[in-house]
Every structure is written in C-alpha cells, then in structure tokens.
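User: Please take a close look at the salt bridges in this model. Set out the partners, the distances and the exposure of each side chain.

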Number of protein chains: 2
Amino acid sequence: MFEGAVQDLIDELGRLPGIGPKSAQRIAFHLLSVDSSVIEDLVGALTKVKDDVRFCVTCGNVSEQDTCRICRDPRRVDDVICVVEESKDVAAIERTNEFRGRYHVLGGAINPMDGIGPDDLRVKELLARLGDGTVREIILATDPNLEGEATATYLTRMLSPMGLVVSRLASGLPVGGDLEYADEVTLGRAFAGRRTVSQTV
Amino acid sequence: MFEGAVQDLIDELGRLPGIGPKSAQRIAFHLLSVDSSVIEDLVGALTKVKDDVRFCVTCGNVSEQDTCRICRDPRRVDDVICVVEESKDVAAIERTNEFRGRYHVLGGAINPMDGIGPDDLRVKELLARLGDGTVREIILATDPNLEGEATATYLTRMLSPMGLVVSRLASGLPVGGDLEYADEVTLGRAFAGRRTVSQTV
C-alpha cells in the first residue's frame, strides 16, 4: 500500500508480538512525523541490545557481563535459588522485594505440544549449581499454567531425593481481586491452601 | 529494573504510540530470544525510513522520490483533488479503489487547543495547485471529528468563491454496523443525508 521503505518498516513492526497491522502503521507514521533523533535513539537501543546483551553463565538471566548483576551481588544469600521460566519473571519477583536469594532462569517450560522437553531447558546448569551443597532450598516459581506446573512437577521429582527443600509459590486469590470472579481452579486452590488465622489465648 | 541496554530498549519502545511498559518489555524480551537477524532487519527498516523517506513536493504524501507514486502516475485524472489530513488517509482511500484523482495531504487539522491553525497546514501549497485552472473539484476527506470538520469548514469557505466544486465525504451509518449502536450524531447525519431509493415506473 505504501512505498518501499515505509511498507517495509510497517511489515517489520508488525512481526513484533502484540503489534497488529494497524498499530504498526500508526507507529511507522509516528516515526515519520517526529524528529529523526527518535529513530536514531531507537536504532541505538536495538543495536546495543543486539551487541551487548548476553545471558548470565551462572543463572541464565539477561546480562551485559558474563555474570549478571544479581549473581554478582555479594549481599544476596546463597542458600536459596528461585527457579523461573524467563528473565522477565526475575524482574517481576525483584519488584516485590520479598526475595534475597539467587535465581535460575530455565529459558522456558516443558511443553510436549511444542516439542520442548527438560533437555531444552537449563536443567543441567541448575544441577551443576547444587553440587557443592551450599543450596538448601529451591523455590519453584514457574508459571501457574499447564506447562509451568509440568515443569515444577518434573523438577520436584528430580530435586526431592537430593535432600533439598523444594517449595512452590502459593496459588490462591489474587490480592485486590473479587472472589465472585475467580475461576474454579483458583478458588479450589485457595481452599486447599487455606491458612489457620485463629489465635490461641 | 533490568540492566542498562535492556532497560534502555524497553524505555525507547515504551515511547512509541500504543505501546505501554508491559508491551515494551514483552517486545524487548522477544527480540532477545529470537535470532539477531530480526533486530538487524528492524534496524535496517528504521534506518532506511529515516534516510530515504521524504514528503512529496506536490501533495505532501510520504515518498521515496521528490514526487510521490500517485503524483507521478499518468493514468490518474488531474481535475479532482482529494484533501486528507495524513498520508495514512491516502492509503485508506486507495484501498477502496473508488478514487482515481490526485491527493493533497494537509499534515494535520485545525486545532486551536494545540495551537494548530491554517498556516501550520499545507494550505498554501493546495492553493498553488489550483492556479492553472485544471482542478474542477475538491473532495474534503478530513476526519469526521471536531478538528476535521473545522478544517473542512475553513477550506469550504476559502475554496467556494474560486468557482470550484467543493464536496465532503458522506456521514452516515457504517456498513456492517448496527443501527441500535450508532451514536445520536451519526444517526442524525444518516437521516439528514438520506437518499431517495423509490423507483418511478
């Protein structure tokens, strides 16, 4: 519909996740209408990510050095590893300020439909980190969906015989949510995982 | 939350229209996970648009040459000019295959709230195209909103004394829409613009 370069940019933008043809066109025309420094900054950021960002050799998190910021931080405790699917899950957990241990990024979840098995994830690298006996607990923080649960089950079976405490993030009602709108599975989990709050006087 | 380059990319992506922080993060991690050629293609498309795309000296449409594809096309008729706000409106009208004349892109609409008056639009350039008497009709295809209507009213007043036919795109019910859900103004316009369909036998 448009001439070469503009249509090429719309096509490239349309390949990004969550951007449809209309959004791609809107972004392309936005970039045409603003100062060319905006495009330069975007190109610079993309190039820098392509050239500089790699994955931490220890935990698999995104990093600009061989070892990521969290693995380098001496103030974090070494005896707990939180296992997540993706780097963005690390960011989500860091925002809670609830966890002061280390991470391990699997790079996905077990998904037989897409042909992703344990060997396609960074499971061997996780086992290598448990060799010296420093780690006492593994917190499984995979997604609470089918693939994440399968991955957590697999890891639980593998890690439990090693004498480690293996825990899983709690399932239940989201804070600020409405009980009425919770799905059956979540509400069922909330019942199963209920906690005693009565006080003994 | 992330290390330098990744966060910079998320920030740059988040400045694009319609992309919030979550989408920006999703796109950044998508780009990290795919082959680096995807980033290279995107950078290439951005750079090409920055370097090669300019605006047609005649109509103001986006173009890779001094004059755009439509202004160069000898098969199009020269006596009708369709006036639109933006280049993307040209693309939308071209998709209909209903119009075979030329275009004129104003580069926006009159908007006193944002301080955009007629002098900020390509109105002078439009007048210059009418000088030789070739043009017989001007179709005003500005957006059917407050700013577009104001612009159309302004141009109607300016162009009518020049002996040109000045027309405006029809307002009415969108095809495939539901009468029940049409807003009052649109439904009112549809009544005002009703057409006789009875046949004389």
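Analyst: The salt bridges are described below, pair by pair.

This is a predicted model, in which local features need pLDDT of at least 70, side-chain atom pairs count only at pLDDT 80 or more, and totals for chains, interfaces and linings use all residues. Residues are numbered from 1 along each chain as its sequence is written, chains are lettered from A and ligands numbered from 1 in the order in which they are written, and side-chain values use heavy atoms, with hydrogens and water left out.

A salt bridge here is a side-chain nitrogen of Lys or Arg within 4 Å of a carboxyl oxygen of Asp or Glu. Over all chains the count is 22.

Glu40(A) pairs with Lys50(B), with 3.5 Å between the closest N and O atoms. This pair crosses between chains, from helix H3 (residues 36-52) of chain A to helix H3 (residues 36-52) of chain B; helices are DSSP runs of H or I with at least four residues, strands are runs of E with at least two, and both are numbered from the N terminus. Glu40(A) is partly exposed at 42% relative accessibility, and Lys50(B) is partly exposed at 27%. Partly exposed lies between buried (under 20% relative accessible area) and exposed (over 50%), using a 1.4 Å probe and protein chains only. Glu40(A) and Lys50(B) also belong to a salt-bridge network with Asp51(B).

Lys50(A) and Glu40(B) form a salt bridge at 3.5 Å, N to O. Lys50(A) lies in helix H3 of chain A and Glu40(B) in helix H3 of chain B, so this pair joins two chains. Lys50(A) is partly exposed at 29%, as is Glu40(B) at 41%.
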